[in-house]
Structure formats: structure tokens, C-alpha cells
Amino acid sequence: MTAVDDVSFDVFSGEIFGLLGPNGAGKSTLIRILTTLLQPTSGSAWVDRYQVTKKDEEIRGIIGVCPQNSTLDVELTAYDNLEFYGKLLNVEEGILHDRVMQLLEMVDLTDRAHMPVRTFSGGMKRKLEIVRAFLHRPLILFLDEPTIGLDPDSRWEVWEQIEKLNAERTTIILTTHYMEEAEKLCHRIAFMDRGRLIALDTPENHKRAIPAGDLIEIGFETMKEGLLSALTATGLVKSAEAKDNRVIISALNGSRVLPSIIAVFEKFSMPMTSISIRSPTLEDVFIYLTGRKLDAGNGDVPTGGGR
Amino acid sequence: MIRGAVAIFTRDFKKFLSNPFVIVMTLFMPVMYLVIFGNAMGGTITHIPIGVVQDQPYMTETPLFTAAVEEIRNFHQPDKPSMFDVTIYSSEEVAKLALSQGRISAAVIFPSELSADHVVRVYEDSSDYMVPSLIEAGISSAMAGTGSPDPVAINRIYGQIDYIQFFGVGVIVMAIFMTTMMGGAFALIRDRELGIIEGYLVTPVKRSSIILGTIGSTTVRAFLAGVIIFIFDILITGVAVRRIEDFLLVLIVIFIASIGVTSLVVALASRFSTQQEYASVVAFFNLILFMTSGAFYPTIGMPGWLSWIAWFNPEAYTVHALRSIILRGQGIDIIGTDLVALGIFSTLAIFLGIATYRRTLE
């Protein structure tokens with residue numbers, strides 16, 4: 001069984017790089033290889049200037065990892081969890097206390113520093129675990145599904161946290177199967193499916209790559225003969241169809257062609273009940289690339305594109 | 001209500017049946033208890049080594065001596081082999097040396113004359129359980145068999161030792177095992193199940209540091225448990241530690257046993273992925289090692305095949321060493337063999353523990 005097959009890409013320094021794909025796409029396997037937990041059967045991977053499997057110890061010194069399943073010790077306090085990891089991560093003894101307090105401050109847990117992690121909410125635990133990976137100011141931070149199972153508020157806080165860390169010039173590699181997360185955070189996104197890398201680009205370029213372009217939906221009450229052919233005749237739209245009292249038009253640059261479309265409606269004296277323009281989402285990109293929905297067969301995901 | 005109960009019943013039973021290893025161990029354990037506990041505790045004590053000496057001055061063996069030795073040799077309980085293995089020593093000094101070194105359990109000194117004024121002196125190792133009273137009963141009965149009028153005087157060379165003192169020393173070993181087998185290893189397996197160990201692996205901490213830290217913490221816990229029980233022994237059961245050297249020697253024995261047992265347990269905990277499987281294996285180990293260690297009952301009372309297990313049992317050496325120091329005030333000359341055996345066990349266990357644990361970290 002090959003979990004990751006023929007995947008090749010570069011991550012630039014200082015960016016937030018997203019690995020996006022459905023469950024079982026091989027994202028975590030890829031992370032496990034890059035974080036030296038798993039040996040690849042073939043191929044090579046480099047983390048900074050060190051090759052995986054050859055310089056694993058050096059790699060562990062420059063990466064921070066927040067795995068998908070929590071590895072916090074819930075019986076210890078937040079402070080003890082961080083202090084303990086600080087020692088494992090070779091943070092200097094003299095600055096360790098200050099560093100721990102600074103990170104607790106960063107995630108608003110100062111007043112809970114000496115409470116056992118067991119008493120924390122899911123979001124607090126996750127934020128604590130993310131900053132734990134950041135104790136030694138790693139060059140690269142790996143976040144495997146950082147917001148899985150979190151409520152929207154907690155998720156928002158974690159996102160802010162990740163952006164703050166990125167602002168400190170940390171390269172961040174994160175996996176997710178939430179489109180809005182990838183869209184909000186990532187500078188570049190690699191789509192993975194069934195162990196393969198199927199596309200890699202910035203979110204904007206990904207969307208531009210969809211031939212269908214933007215979707216314009218215009219509501220109406222009664223259809224007039226010849227409207228659809230008149231719309232396509234303008235040469236500005238790619239397709240137009242009527243469905244459930246709505247005309248669905250796809251066009252490459254929706255907002256620019258909208259006036260011309262409205263002009264056609266006026267020419268036919270058709271009153272419009274609603275107008276909406278929707279940019280394609282990463283979900284649409286994924287469907288375009290694979291023919292399947294991103295969360296197919298998975299119930300725990302809020303679907304649809306965010307802005 | 002019934003539907004829910006049946007659902008839960010079915011689920012539990014399915015899980016039970018899905019783990020054949022645990023099923024086997026569950027059924028195996030009571031049977032093992034029967035066989036090992038029954039034999040270790042219920043065995044008849046026979047072949048107690050004792051020494052006999054004809055008191056000086058003498059020219060040839062006196063009739064009393066010849067008759068008494070014959071009686072002692074032949075003494076046995078109904079349908080059992082003879083109770084004593086008799087060695088004839090040439091002088092009282094040699095016999096007492098053998099006694100103090102634990103090679104014989106009693107030295108019997110026979111006077112030259114048959115008379116009520118001359119006493120048969122029995123020096124016995126009073127640190128053992130059951131054995132002293134058997135010796136006393138056997139010798140009295142043998143003397144009665146010879147029809148001689150000589151009275152028997154019993155000297156318990158280590159004083160009166162109660163069962164609680166005898167057993168208390170064994171409990172030190174039990175404390176070491178309980179701490180590591182139950183506390184240390186379960187924590188290790190749980191940490192692995194929770195992914196806490198995997199968390200270590202992406203940090204620059206060395207694999208050897210993880211192993212050293214894990215074995216070190218459990219060893220120290222076991223050591224402290226052993227020492228605390230040792231102090232309880234002194235306070236509650238009233239055993240006396242006579243010299244500071246003895247005290248230090250006890251600490252050394254407890255430490256070597258602790259590190260060996262901890263390493264063995266770390267190896268076991270690394271081999272078994274679930275707490276349930278580990279628990280059944282450890283319960284088995286605990287039974288077989290503790291029962292054959294002589295902590296409860298003298299090893300001399302065990303059938304041959306059980307004492308053969310005791311021969312490989314590090315707990316047996318630990319119990320023997322601790323008893324030698326604590327109850328008999330013996331030194332390194334007597335417990336040397338125990339220390340060597342424990343040293344070999346601990347060294348092997350450390351290598352095994354490191355190798356097995358390391359494999360789970362790769």
C-alpha cells in the first residue's frame with residue numbers, strides 16, 4: 001500500500017504552505033516523513049539543508065511539530081508541559097522560564113499556567129500545543145490538521161495564532177482538509193489526493209485555473225424566449241442556463257462582465273429578483289481537479305467556500 | 001432495557017473474544033496459581049541438610065552417636081522421603097562454620113556418654129520458616145528412638161525469628177516488583193498509547209536519553225519502594241540491622257534488583273502494545289517469580305521442578321541475599337553468589353530492555 005507516491009515540491013522560506021486534501025490523501029504520511037517519524041521507502045526529502053533519514057537529528061533541532069493527535073500530557077500543568085518540552089528542545093535553561101511565560105501570554109493562558117491541561121477546552125489545548133512546537137523558535141513549523149475538531153471561535157483563534165507565528169518569519173507547513181482554513185492562511189496550496197500531488201499554486205492561481213471562471217446567478221420571475229442565446233452571443237460568458245427561476249452564468253471575470261449581462265436583461269425587459277457573483281472556491285478547484293468533493297464521505301467538515 | 005443490556009453484553013463479549021491472547025491468559029492464570037501456589041506453599045519439607053559431630057574427647061564413634069545418626073537418617077514422615085540429609089563433621093568448629101555459611105541448617109553435637117548430665121547440643125539456623133521446628137521435632141524423636149537419657153539443648157543461632165520477620169524481607173522484593181510492573185510499565189504503555197512518546201521523537205532529544213530517563217525514573221521509584229519497605233521491616237517487624245555496612249549492603253542489593261527488574265519490565269512493556277496483554281503477562285511473571293522466590297515459604301519445600309525455576313529466578317537470589325544480611329547478619333562472603341547472579345540478570349535485562357525499547361522508538 002503506497003500512502004504517498006511520487007510527490008515532489010519545494011516550500012519557500014517564510015511562507016505558509018498548505019497541504020490540502022481529503023482524509024487518507026497522504027498528507028499526514030508526508031508530514032511524518034518530513035518530521036523524521038517515518039522512513040520513505042524511496043526518494044529523498046530535504047529539510048533546510050539536511051536530508052531526511054541522513055541528518056534526522058539535525059532536522060529535529062530546527063523543526064517544530066504539532067501532530068494531529070495531541071501529545072500534551074494532560075496531567076501536567078500548561079507551564080510544566082512547556083517547560084518539559086523546552087528541555088527536550090534544548091532551550092537554554094536561563095531563558096526557559098521567560099520563554100514559557102511569553103508563549104503562555106501569547107495564547108492568553110497566563111492565568112491558567114499552573115492548572116492541569118486536563119481542565120482546558122479543546123481550543124486552549126490546541127493553542128498550547130502549537131506554541132509548544134514553537135518554544136525553540138524553529139525554522140519550520142509543521143502543523144498537522146491544527147484545527148481539527150475545534151469549534152468556529154477556537155478555530156479562529158488558532159488561525160490568528162498561526163499568523164502571528166508566521167509573522168516571526170517562521171516557515172509553516174500545515175495540512176488540512178478545511179478549504180476555508182487553507183484559503184485564509186496559506187500562501188501556496190498543494191492539493192493532494194490518493195497519495196499524489198495533483199496541483200500546487202497560490203489560492204488565486206488555483207481558482208484562475210478553473211476554466212469555468214466566476215459564477216453569476218440572476219433570479220427572475222418569468223423567462224423570455226431568446227435571452228440565453230442573447231447572453232452567449234455577447235461573447236463575454238462561457239455558458240448560461242436557466243434553472244429554478246435563476247439564470248446561472250459562468251464567466252471568466254464576473255464583476256467586469258456583469259454590466260453587459262444586466263444590459264441584456266434590460267433589453268429583454270426582464271425584471272431581476274436577485275444578483276450574486278461567486279468566485280470559485282478551493283472546493284470548486286478540487287472538484288474540477290478530481291471530480292470529487294473534498295470531504296466526500298466525511299461528515300465532520302463544514303463545507304463550502306469561505307471568503 | 002433488555003435491548004440495551006444485550007447490546008452492551010454483546011459488545012463486551014465480542015471484544016473479549018477478539019483477543020485470544022488475553023482469553024488464554026485469563027484461563028491459564030488460575031490454573032497456574034493452583035499449580036505453583038499449591039506446590040510452593042504446600043510442599044513437604046524433606047532433605048534438610050544437617051551436620052552431626054561426635055564431641056571430643058573420643059577414640060571411636062560412641063554407640064550413642066552411631067545409633068542417633070542412624071535414627072536421624074531414617075527419620076521421616078509417613079510415606080515421605082527422609083527428612084534429613086546428614087553429614088558427619090570431624091569437629092564442632094567445622095560444623096559451625098558450615099552452619100554459619102548456610103550449607104547446613106543445623107549442627108548436632110553428641111556427647112560421648114550416655115547420661116542425663118551430658119547434653120546433646122543442637123545449633124540451628126533459626127532464620128528459616130518451618131525448618132527449625134522440624135529439626136527440633138526430628139531430633140527429639142530420634143533421641144527418644146535411641147532410648148538414651150541425654151537431654152537436648154536447642155540453640156537458635158540467630159535468635160527467635162518470627163514469620164513476620166521472615167516474610168517481611170520477602171515483601172521488600174514484592175515492593176520492587178509491584179512498583180515497576182504495575183506503576184512504571186503501565187505508565188509507559190499509556191504514554192505510548194496517548195502518543196506522548198511520539199511527541200518526544202520529533203524533538204532533538206536523543207533516543208538514548210529517552211531510554212535512560214525512562215529506565216532511570218522507574219528504577220529510582222522501585223528502589224525507593226524497596227527501601228521504604230525495608231524501613232517498615234525494621235520499625236514494624238523488629239528486624240535489627242547491626243552494622244552500617246549491612247545497611248549499605250541491603251541498599252546495594254535493592255538497587256541491583258531494581259534496575260534489573262525495571263529493565264525487564266520495560267522490555268515487556270515494549271513488546272506488548274495494549275495494557276490488557278501486558279497485564280496478563282505480568283501477572284503471570286509476578287506469580288511465578290514471587291512464589292518460587294522463597295519469600296513466603298522455604299525453597300527447600302518446593303518440588304524439584306519448581307526449585308529449578310527458582311534457580312533462574314532473580315527474586316530468589318534477592319530474597320536470599322536480603323535474608324542473609326538482615327536476618328543472619330552475614331556479609332559479602334555469603335551473598336557473593338547472589339550478587340553475581342543478580343548482576344548477570346540485571347546486565348542481561350538492561351541490554352534486553354534497551355534493545356526492545358529502542359525498537360519501539362525507531
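The legends below walk through several close-up views of a predicted model with chains A and B.

In this predicted model, local features need pLDDT of at least 70 and side-chain atom pairs count only at pLDDT 80 or more, while totals for chains, interfaces and linings use all residues. Residues are numbered from 1 along each chain as its sequence is written, chains are lettered from A and ligands numbered from 1 in the order in which they are written, and side-chain values use heavy atoms, with hydrogens and water left out.

**View 1. Chain A meets chain B.** On the chain A side 19 residues take part in the contact, and on the chain B side 14 residues do (contact means heavy atoms within 4.5 Å). About 1,400 Å² is buried between the two chains, and carbon and sulfur atoms give 58% of that area. Buried area here is the accessible area, taken with a 1.4 Å probe, that two parts lose on being put together, summed over both. A:Leu37, A:Arg60 and A:Leu88 supply 37% of the area that chain A buries against chain B, more than any other three residues.

**View 2. Polar and charged links across the interface.** Chain A and chain B share two salt bridges, a salt bridge being a side-chain nitrogen of Lys or Arg within 4 Å of a carboxyl oxygen of Asp or Glu. A:Arg32 forms a salt bridge with B:Glu198, and their closest N and O atoms are 2.8 Å apart. Five residue pairs, both members at pLDDT 80 or more, are in polar contact between the chains. A polar contact is a pair of N or O atoms within 3.5 Å; within protein, one must be able to donate a hydrogen and the other to accept it, and residues adjacent in sequence count only if both atoms are side-chain atoms. On chain A, α2 (56–62), β4 (63–66) and α3 (78–88) each supply at least two residues of the side that touches chain B. Helices (H or I, at least four residues) and strands (E, at least two) are DSSP runs, numbered from the N terminus.

**View 3. A salt bridge inside helix α3 of chain A.** A:Lys87 and A:Glu83 sit four residues apart in this helix, about one turn. Their side chains meet in a salt bridge, at 4.0 Å from N to O. Over all chains, the structure holds 22 salt bridges.

**View 4. The open sheet of chain A.** Six strands follow the order β4-β5-β6-β1-β7-β8, with mixed pairing; two strands pair if DSSP finds at least two bridges between them. At the edges are β4 and β8 (196–201), each pairing on one side only. Strands β1 (residues 16–20) and β7 (residues 188–193) of chain A are parallel and share four bridges, and A:Phe17 has A:Arg188 as its bridge partner in β7(A). Helix α6 (residues 152–167) of chain A lies across β1, β5 (140–144) and β6 (171–176), at about 155° to β6(A). Axes are lines fitted to C-alpha atoms, for helices over the stretch in contact, and angles run from 0 to 180 degrees between N-to-C directions.

**View 5. The open sheet of chain B and its helices.** Here five strands are ordered β2-β1-β3-β4-β5, again with mixed pairing. Because β2 (84–89) and β5 (152–156) of chain B stand at the edges with a single partner strand each, one side of each is left without a neighbour in the sheet. Neighbouring strands of this sheet are turned by 20° against each other on average, direction ignored. Strands β1 (residues 48–54) and β3 (residues 106–110) of chain B run parallel and are joined by five bridges; B:Gly51 has B:Ala107 as its bridge partner in β3(B). Helix α4 (residues 92–100) of chain B lies across β1, β2, β3 and β4 (120–124), at about 25° to β4(B).
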